[in-house]
Amino acid sequence: MSERPTRRTIVVVPTYDERENVGPLLTAVRAALPDADVLVVDDNSPDGTADAVEAAAAELGQVKLLRRPGKHGLGSAYRTGFERALDEGYDMVVSMDVDFSHDPAVLPELLRLLDAGADAVIGSRYVPGGDTVDWPLHRRLLSRWGNRYTSLVLGLQVRDCTSGYRAYRADALRAIEPGTTAAEGYAFLTELVRRLVNQGFRVMETPIVFRDRRSGTSKMSSRIVVESMLLVTRWGLGDLLAGRTRRRRRG
């Protein structure tokens, strides 16, 4: 029996001021996925994150660094990283945080579910077996109810629309054109899920335990939360109006 051809996989990791985390994270990713490449997209971190990446790359191999000239945000970093991954012909593209809130040990399961037929797999805090720990109560409630609101308004049937721990088939990622999105922060992540669902791709969720960062400071801000909720509401109203227009035309 011939062996199944190896699928080229790349893990895209945005960074900004993550010098303490990036080396250990890259080591853990290499242990979980020995054959995968890693692309670190660094937004000109003043703490020397890019230098730490280069040091880890020399030791581990298969680590690429993309230095950007300024701080442009999470959505922009992923757009740039995904474009590079698609241009270089990878078959599977993974996104994850650098601060160990996403356990690298889950990486093989994300890819296994892609092999089982999913077009995208979300590491979800809000399916059975998923959880968040080390978060204050108000933050847990904001995240959980924000995701319920998002799923309801957009009709997604996805419980964790804002999780950044994901794996995509390259053909599905290419089809939803992440480079044409404009949102930042969690709204960017929601926009990708919305496009996947609306285009009929199979989105699966697998449980993860989300832990607060080991070190460094969170990039979460009230502006990001407000942007996300406003965009979700706008998208939901737009979908509602578009549906009414289609029904009138048919009638």
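Here are some short exercises on salt bridges, burial and backbone angles, each with a worked solution.

This is a predicted model, in which local features need pLDDT of at least 70, side-chain atom pairs count only at pLDDT 80 or more, and totals for chains, interfaces and linings use all residues. Residues are numbered from 1 along each chain as its sequence is written, and side-chain values use heavy atoms, with hydrogens and water left out.

**Exercise 1. Place aspartate 43 and describe its surroundings.**

Step 1. Start with the position: aspartate 43 sits in the loop between strand 2 (37–42) and helix 2 (49–60). Helices (H or I, at least four residues) and strands (E, at least two) are DSSP runs, numbered from the N terminus.

Step 2. Is aspartate 43 buried or exposed? Buried means under 20% relative accessible area, exposed over 50%, and partly exposed in between (1.4 Å probe, protein chains only). Aspartate 43 has 4% relative accessibility, so it counts as buried.

Step 3. Now look for its neighbours. Contact means heavy atoms within 4.5 Å. Leaving aside residues up to four places away in sequence, aspartate 43 touches Thr15, Tyr16, Arg68, Gly70, Lys71, His72 and Gly73.

**Exercise 2. Follow the salt bridge of aspartate 43.**

Step 1. Recall the general idea: side chains of opposite charge can pair when their charged atoms come close. The rule used here asks for a side-chain nitrogen of Lys or Arg within 4 Å of a carboxyl oxygen of Asp or Glu.

Step 2. Which side chain meets that of aspartate 43 in a salt bridge? The partner is arginine 68, at 2.6 Å from N to O. This pair links distant parts of the chain, as arginine 68 belongs to the loop between strand 3 (63–67) and helix 3 (74–87), and the two residues are 25 residues apart.

Step 3. Check the partner's burial. Arginine 68 counts as buried because its relative accessibility is 9%.

**Exercise 3. Examine two further salt bridges, then the whole count.**

Step 1. Take lysine 64 and glutamate 88, whose closest N and O atoms are 2.6 Å apart in a salt bridge. Lysine 64 lies in strand 3 and glutamate 88 in the loop between helix 3 and strand 4 (92–95), so this pair ties together parts 24 residues apart in sequence. Lysine 64 is partly exposed at 26%, and glutamate 88 is partly exposed at 30%.

Step 2. Turn to aspartate 115 and arginine 7, whose side chains form a salt bridge at 3.8 Å, N to O. Aspartate 115 is in helix 4 (residues 107–115) and arginine 7 in the segment before strand 1 (9–15), 108 residues apart. Aspartate 115 is partly exposed at 36% relative accessibility, and arginine 7 is partly exposed at 32%.

Step 3. How many salt bridges does the rule give? The count comes to nine. Salt bridges also link Asp51, Glu54 and Arg67 in a network.

**Exercise 4. Inspect two residues with positive phi.**

Step 1. Begin with the background: most residues other than glycine have a negative phi.

Step 2. Asparagine 44 has a positive phi, near 55°. Asparagine 44 lies in the loop between strand 2 and helix 2, and with 47% relative accessibility it counts as partly exposed.

Step 3. Phenylalanine 100 is not a glycine either, yet has a positive phi of about 70°. Where does phenylalanine 100 lie? Phenylalanine 100 is in the loop between strand 4 and helix 4, and it is buried, with a relative accessible area of 12%.
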